[in-house]
Amino acid sequence: MAAKIISGTEIAAQIREELKKEVAEMKEKHGVVPGLVTILVGQNPASVSYVTGKQKTAHELGFYSIQDNQPADILEADLLGLVDKYNKDPKIHGILVQLPLPKGINEKKVLNAIDPDKDVDCFHPVNVGRLVIGGEEARFKPCTPAGIQELIVRSGVETSGAEVVVVGRSNIVGKPIALIMMQKGKGANSTVTVVHTGSKNMDQHCKSADILIVAAGVPGLVKPEWIKPGACVIDVGVNRVGEKLSEKTGKMVPILKGDVDFDAAKEIAGAITPVPGGVGPMTITMLMKNTVLSAKMSIK
Ligand code: NAP
């Protein structure tokens with residue numbers, strides 16, 4: 001039987017509706033409006049498109065939002081000063097510095113300058129540490145892994161006691177999703193294995209997974225025969241494998257493929273995310289969720 005297709009587009013829309021209500025309630029009861037600033041240095045086209053998407057969503061949800069554009073030749077000290085200004089601004093609950101930053105600016109130094117309580121991307125070592133400790137210590141979850149967990153939970157997949165295999169160990173996807181799924185608590189409590197380029201018998205590890213999360217950035221890495229029948233497969237990979245003419249716009253657009261051979265895998269898996277339309281739409285939504293959480297935490 002063909003797998004259930006987990007639509008990130010639909011689940012993200014559902015979460016955004018929930019957030020819209022929460023924002024309206026917070027405003028009415030406490031007079032607090034979630035505030036998000038996105039700082040863009042330079043005009044890298046991909047970065048411009050990412051921050052535009054974030055600002056558009058923030059606006060739709062009723063946030064107070066600022067798009068702060070800075071020149072590519074801004075001095076590191078001035079950028080640090082700007083971060084400090086937003087750290088002190090009580091109307092701002094989330095600060096996002098769009099990466100990559102131009103050469104000559106120390107990214108780590110800038111990200112570490114963000115007040116951990118406003119670090120809605122969850123890149124600050126303090127928040128990473130809180131995630132490791134788990135329980136009530138954990139505040140924000142990094143956006144892509146948080147989106148992955150929502151997709152799994154909202155699709156009705158049992159996580160407690162499930163064998164979760166994560167392919168990839170990056171700091172933005174592999175490691176944090178492994179940490180999230182191993183926590184004691186709802187929507188987690190799984191037995192987690194992480195595989196990477198140093199792992200042996202990748203196929204056997206993957207085949208043992210009730211929930212297989214693939215974040216390698218290698219198109220078609222996971223073969224259909226590596227998938228346990230009925231497993232839930234979350235394909236995080238987004239790989240440009242060519243270009244095609246868009247019927248809608250008449251322009252050339254990239255052809256995107258995941259890390260899993262979707263057409264064959266959907267005949268074996270119990271549930272699977274498509275690429276595009278799976279994990280992708282969740283990331284911005286979880287950034288908004290973190291900003292709402294930060295605003296809530298600011299209410300005394
Ligand atoms: P990354 O930093 O390049 O990390 C990739 C990880 O996969 C590394 O840990 C690497 O292992 C492992 N890996 C690579 N090739 C492998 C192989 N042949 N066998 C086993 N492991 C392998 O990438 P990332 O930032 O985590 O992103 C992964 C993918 O997710 C990319 O396609 C990216 O575009 C996509 N992504 C999507 C979203 C979204 O919102 N949809 C967000 C973030 C990322 P080593 O550590 O041993 O090198």
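1. A salt bridge is counted here where a side-chain nitrogen of Lys or Arg lies within 4 Å of a carboxyl oxygen of Asp or Glu. In this predicted model, arginine 139 forms such a bridge with aspartate 117, and the closest N and O atoms of the two are 2.5 Å apart. Arginine 139 belongs to the loop between α5 (125-133) and α6 (143-154), whereas aspartate 117 belongs to the loop between α4 (107-112) and α5, so the pair ties together parts that are 22 residues apart in sequence. Arginine 139 counts as partly exposed at 34% relative accessibility, and aspartate 117 is likewise partly exposed, at 32%.

2. Another link between loops is made by aspartate 210 and lysine 228, which form a salt bridge whose closest N and O atoms are 2.8 Å apart. Because aspartate 210 is placed in the loop between α8 (202-207) and β7 (211-214), and lysine 228 in the loop between β7 and β8 (232-235), this pair ties together parts that are 18 residues apart in sequence. Aspartate 210 is partly exposed, with a relative accessibility of 26%, and lysine 228 is partly exposed as well, with a relative accessible area of 29%.

3. A salt bridge within a helix is found between lysine 88 and aspartate 84, where the closest N and O atoms are 2.7 Å apart. Both residues lie in helix α3 (residues 76-88), and since they are 4 residues apart, about one helical turn separates them. Lysine 88 is exposed, its relative accessible area being 61%, while aspartate 84, at 32%, is partly exposed.

4. For the structure as a whole, the count of salt bridges is 12. Salt bridges also link Glu18, Glu150, Arg154 and Lys289 into a network. As general background, side chains of opposite charge can pair when their charged atoms come close.

5. Turning to the aromatic rings, the structure holds 0 aromatic pairs. A contact between a charge and a ring is nevertheless present, in that the charged end of lysine 223 sits over the ring of tryptophan 226, at 5.9 Å from the ring centre. With a distance limit of 6 Å for such a contact, the value of 5.9 Å for lysine 223 and tryptophan 226 should be read alongside that cut-off.

6. As to the strands, β5 (residues 163-167) and β6 (residues 191-195) pair in the parallel sense, with 5 bridges between them, and valine 164 stands opposite valine 192 in β6. Between these two strands the chain passes through helix α7 (residues 174-182), and the resulting β-α-β crossover is right-handed.

How values were computed
Residues numbered from 1 in each chain as written. Predicted model: local features only at pLDDT ≥ 70, side-chain atom pairs only at ≥ 80, totals over all residues. Heavy atoms only, no water. Phe/Tyr/Trp six-rings, centres within 6.5 Å; stacked < 30°, edge-to-face > 60°. Lys NZ or Arg CZ within 6 Å of the ring centre and 35° of its normal. Pairing = 2+ DSSP bridges. Right-handed = clockwise from strand over helix to strand, strands pointing away. Buried < 20%, exposed > 50% of the residue type's maximum accessible area, 1.4 Å probe, protein only.
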